[in-house]
Amino acid sequence: MTRLLIPALLLAGCLASSARAADAQAGPDALEPVLHSDSLVFNGITRAKDGRVFSPFQRQSKGKGIELGEWRDGKPVAFPDEAWNAWKQGDDPAKAFVAVNAIRIGPEGDLWVVDKGAPGMGEAPLPGGPKLVQIDLATNTVRKVYPLQAATTDRSFIDDFRFNGRNVYLTDAGQPGLLVLDLDTGGLRRVLDGHWSTIAQRPLTGQGRVLRDDKGKLLFIHADQLEVSPDGKTFYYQACTGPLYSIETRYLDDANLSDAERAKHVTLFAATVATGGTAIDADGTIYASDTDGLRILKILPDGTMSTLVEDPRLVWVDAMWIDEQGGLWIPAAQMNRTPTMNGGEASAVKFPTTIYRMQIGAKPLRN
């Protein structure tokens with residue numbers, strides 16, 4: 001099966017390359033390097049209104065390094081403190097970060113963090129490990145922890161999240177499906193569990209290569225990227241390799257609806273490609289990275305796609321962020337060059353890793 005997939009992927013890459021030549025809009029000068037690290041790999045970025053900037057980090061060695069950091073004077077510092085970043089085998093996984101995968105500033109201004117709770121790629125989450133952590137930025141302390149274990153399995157990989165009122169939607173990239181968390185009650189449900197729209201239909205790729213985990217197995221990253229429309233009525237989601245689907249949020253929010261009925265309302269929104277991360281602006285335009293084409297796609301509310309920027313430096317752009325001044329923050333994470341996606345081979349990350357900013361003139365959407 002793999003032998004058949006690779007030529008198809010290469011052909012798709014060639015077709016995409018010719019299309020990109022026609023629709024590229026921004027040149028290299030549009031990308032402003034704003035942060036970099038000579039030794040750390042990050043997979044996202046978020047920025048508070050007061051200018052504080054945070055990133056999740058990927059430990060390259062178990063038990064070493066930070067999982068969540070605040071950028072201070074150009075360098076990441078463990079956040080909210082050393083204790084939350086000091087988890088090691090044998091420690092309580094409910095009270096420290098085991099493996100942070102996504103972060104964002106919530107609608108109320110707190111920093112929210114999703115921890116998949118598993119110490120390695122493909123490993124089972126530890127008891128109490130999967131969680132959503134709310135951090136008060138006024139005091140730099142954890143305000144509340146929302147356990148996610150009740151809706152996870154030993155295959156789960158809680159990936160990313162978005163807010164919609166008092167509901168939080170989360171993707172499970174390991175056990176394909178979505179989670180809905182009620183912040184008021186703590187109630188947690190799985191929806192579209194195992195639905196074809198949440199399942200990766202092909203192995204993960206980056207820079208035109210099929211990727212493998214550190215044990216040499218093909219990587220399939222299921223439900224991953226997600227966004228909510230500005231009016232809160234539409235939910236967009238995809239497996240890491242696309243395409244992008246949509247469903248009205250009322251079907252996710254209705255706990256009395258069966259998954260069979262819910263599935264009838266899933267529609268194809270855009271034929272996206274392998275994607276590291278997304279962002280959405282206040283007009284409903286989605287920005288999605290292309291991990292093979294090293295570009296950022298711009299997807300209008302009608303599903304029309306074009307290239308915002310294409311640049312060889314944009315290696316595995318992960319979760320992006322739009323700031324209050326209309327700048328798109330673009331972390332070139334190079335995740336495909338790490339041992340966990342490179343078949344267990346020595347890291348091929350080319351330091352420094354860099355976060356770029358591009359002025360796009362869009363207003364941010366906070367959900």
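**Figure 1. The second largest cavity in this predicted model is lined by residues from I45 to W321.** Let's start inside the protein. The lining is made of I45, A102, I103, R104, D160, R162, A319, M320 and W321. Sorted by class, these residues are six nonpolar, no polar and three charged. Strands β6 and β10 each supply at least two residues of this lining, and β6 gives the largest share, with three residues. The space in the second largest cavity comes to about 40 Å³.

**Figure 2. The largest cavity holds about 80 Å³ of space.** A search of the whole structure turns up three cavities of 30 Å³ or more, and here we look at the largest of them. Which residues line the largest cavity? They are R104, R162, E227, T278, A279, I280, M320, W321, I322, L365 and R366. The elements that give two or more residues to this lining are β20, covering 278-280, and β24, covering 321-322. Strand β20 provides the largest share, three residues. By class, the lining divides into six nonpolar, one polar and four charged residues. If some names sound familiar, look back at Figure 1: R104, R162, M320 and W321 appear in the lining of the second largest cavity and in the lining of the largest cavity.

**Figure 3. The largest pocket contains about 780 Å³ of space.** Of the 49 residues that line this pocket, Q58, K116, M121, M335 and T340 are the closest to its centre. Three elements are named as giving two or more residues to the lining: β6 (100-105), β10 (158-164) and β16 (223-228). Which of the elements gives the most to the lining of the largest pocket? That is β6, with four residues. The lining of the largest pocket has 20 nonpolar, 16 polar and 13 charged residues. Strands β6 and β10 may ring a bell, as both also supply residues to the lining of the second largest cavity.

**Figure 4. Four strands form an open sheet in the order β10-β11-β12-β13.** The pairing in this sheet is antiparallel. Strands of a sheet pair through backbone hydrogen bonds, either parallel or antiparallel. Which strands lie at the edges? They are β10 and β13 (188-191), each of which pairs on one side only. On average, and with direction ignored, neighbouring strands of this sheet are turned by 25 degrees against each other.

**Figure 5. Strands β11 and β12 are joined by six bridges.** Strand β11 covers residues 167-172, strand β12 covers residues 177-182, and the two run antiparallel. To follow one bridge yourself, find N167, whose partner in β12 is D182.

**Figure 6. Strands β12 and β13 make a hairpin with five residues between the strands.** These two strands run antiparallel and are joined by four bridges. One pair to look for is L181 with its bridge partner in β13, L188. What sign does phi take at G186 in this hairpin, positive or negative? It is positive, near 80 degrees.

**Figure 7. Residues 1-24 have a pLDDT below 50.** For the protein chain, the mean pLDDT is 92, and 92% of the residues reach 70 or more. In the stretch shown here, residues 1-24, the model has 20 contacts beyond near neighbours in sequence. Where pLDDT is low, the predicted coordinates should not be read in detail.

Terms used. Residues are numbered from 1 along each chain as its sequence is written. This is a predicted model: local features need pLDDT of at least 70, side-chain atom pairs count only at pLDDT 80 or more; totals for chains, interfaces and linings use all residues. Side-chain values use heavy atoms; hydrogens and water are left out. On a 1 Å grid over the protein atoms alone, a cavity is a set of points where a 1.4 Å probe fits but cannot get out, and a pocket is an open set with protein on both sides within 12 Å along at least five of seven lines; lining residues have an atom within 4 Å of a point. Grid points are joined across faces, edges and corners, and a volume is the space filled by probe spheres set on the points. Ala, Val, Leu, Ile, Met, Phe, Trp, Tyr, Cys and Pro count as nonpolar, Asp, Glu, Lys and Arg as charged, and the others, Gly among them, as polar. pLDDT is the predictor's confidence in each residue, from 0 to 100. Contact means heavy atoms within 4.5 Å. Two strands pair if DSSP finds at least two bridges between them. Axes are lines fitted to C-alpha atoms, for helices over the stretch in contact, and angles run from 0 to 180 degrees between N-to-C directions.
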